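Could you go through the points below with the model open beside them? They are set out as a colleague's note, from the whole chain down to single elements.

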Amino acid sequence: MKQSLSAREARRMALAAQGFGRRVPATPGTRQLNATLGRMHTLQIDSVNVYARSHYMPLFSRLGPYDTALLDRLLFARRAPYVEFWAHVAAFIPASDWQLFRFRMDDHRARFTAPGTWFAENLPIVEWVRAELGTRGPLRPAEIEHDSRRGGRGPWWDWDGVKRALEYLWLIGEVAVAGRRGFERRYALAADVIPAAALEREIARPDAIRELVVRAAAAYGVATEADLDDYWRLRDRKAVKRATAELVEEGELVPVTVEGWDRGGKPLPAWAHRDAALPRRIDAAAILTPFDPMVWFRDRAQRMFGFDYRIEIYTPAPQRRYGYYSLPILLDDELVGRVDLKADRAGSRLLVQSAWWEDGPIRPDAAPRVAEVLRDAARWQGLDGISVANWGDATGALADVLGAPRHEAGPESIALAPDEPQTDEPDASSALEQGSDP
């Protein structure tokens, strides 16, 4: 393991750890999906559906077009090997890892069920919902009848007490998500979803955090303390620092310095996982979801790629710089631009609402390679054509290579506005991510 990495070497190490640069299979199957999920350790969920749901995207970015029904079976089937919990944020994790997050469930219990909270003051509803799941098995909220459903609705996302009780019970680990119908969750008692061996494991908080730091390091390849903390949103830098020191002593992590990773003129402490590969080159062309581990931590994306990234879903349309839901464009070991995509299902078209190159020289191979990714993106979503707007300095070159028709779109265009935000009803993840209580 090298003790000093150039900026480009660090990027290649990080991309390889996340599965980029590997040969893309002609027909990705369950084995490839599981392997990709295994490298990431978690798959973030987001309800935006303007192009494709975010949890489908990281697999497409790494494997190319694949059958999403295969992933659905892994994630949503009865007794599926993956389950939802608050990992990075709301995310899929292996069901066998359920107890690895017991410390977080305990923290949620202390936060959300203390005297004076909604939970404590509405125990009859909570107990009734728990009993319904115990008697009837997995249920959607709409399938649970309760007098409160016919009364006034509460202030939290305008949901009633039944839905609220289910979310709290999920956050404290008494209830698990037993798949979804469409994108609506089905809830069940944890014992009806999580394998008994996983449910009975006991993992002390320090041991759980240590294991999560190991997994973050392996998933990132090379990382700072802030990176390791953010991968699972631990927000416990002391615990991360302690775990990192132990892992260095045991040889699991190797201290390194990375060119350009500094603060106040001093190098930022960084570590590489002992098994991290450093390929000579990365051959990749992909679009990334905003919730891909490569870019989901804004500080790391800036440090790693010089990429200042903020999605603009909740930015007023006239103030948007790049578009409603712009996706970073990866070519080899660089983020070379961003593209805002929308699936026009009725017209069977992929709408390129905007496209931009990053500052600096434009690679001569950029437009042809990105155009090929866009063709794959349309094919993957079952769309027959591509139309390119005129907003963004990359749209002309992409339209020319694609031979695509043009359409009008811009930061204030009606083409972006009628159905924003294209999301499902928010869940507990939205409230927690914004720092409020469900």
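The numbered points below take up the whole protein and then a few of its parts.

1. This is a predicted model, in which local features need pLDDT of at least 70 and side-chain atom pairs count only at pLDDT 80 or more, whereas totals for chains, interfaces and linings use all residues. Residues are numbered from 1 along each chain as its sequence is written, and side-chain values use heavy atoms, with hydrogens and water left out.

2. The protein has 16 helices and 17 strands, these being DSSP runs numbered from the N terminus (helices H or I, at least four residues; strands E, at least two). The C-alpha trace spans about 65 × 55 × 40 Å along its principal axes. For 438 residues a compact globule would have a radius of gyration near 22 Å, and the 22 Å of the protein agrees with this; the radius is taken over C-alpha atoms, and the rule is 2.2 Å times the number of residues to the power 0.38.

3. Of the 438 residues, 58% count as buried, where buried means under 20% relative accessible area, with a 1.4 Å probe and protein chains only. Among contacts (heavy atoms within 4.5 Å) between residues at least 6 apart in sequence, 63% join residues at least 24 apart.

4. Which residues of α8 are buried? The helix covers residues 161-171, and 11 of its 11 residues are buried, so α8 is largely enclosed by the rest of the structure. Among them are the charged residues K163, R164 and E167, alongside others including L166, Y168 and W170. G173, with a positive phi near 85 degrees, follows α8.

5. Helix α14 has 15 residues (366-380), which at 1.5 Å a residue should span 21 Å, and its end C-alpha atoms are indeed 21 Å apart; the expected span is 1.5 Å times one less than the number of residues. The buried residues of α14 include A366, V370, V373, L374, A377 and W380, and D376 is also one of them. An α-helix has 3.6 residues a turn, so residues three or four places apart point the same way. After α14 comes G382, whose phi is positive, near 70 degrees.

6. H55 lies in the loop between β2 (43-44) and α3 (57-63), and H55 is buried, with a relative accessible area of 0%. Leaving aside residues up to four places away in sequence, H55 touches L43, Q44, L71, L75, F76, F92 and F183.

Definitions and conventions: Buried means under 20% relative accessible area, exposed over 50%, partly exposed in between (1.4 Å probe, protein chains only).
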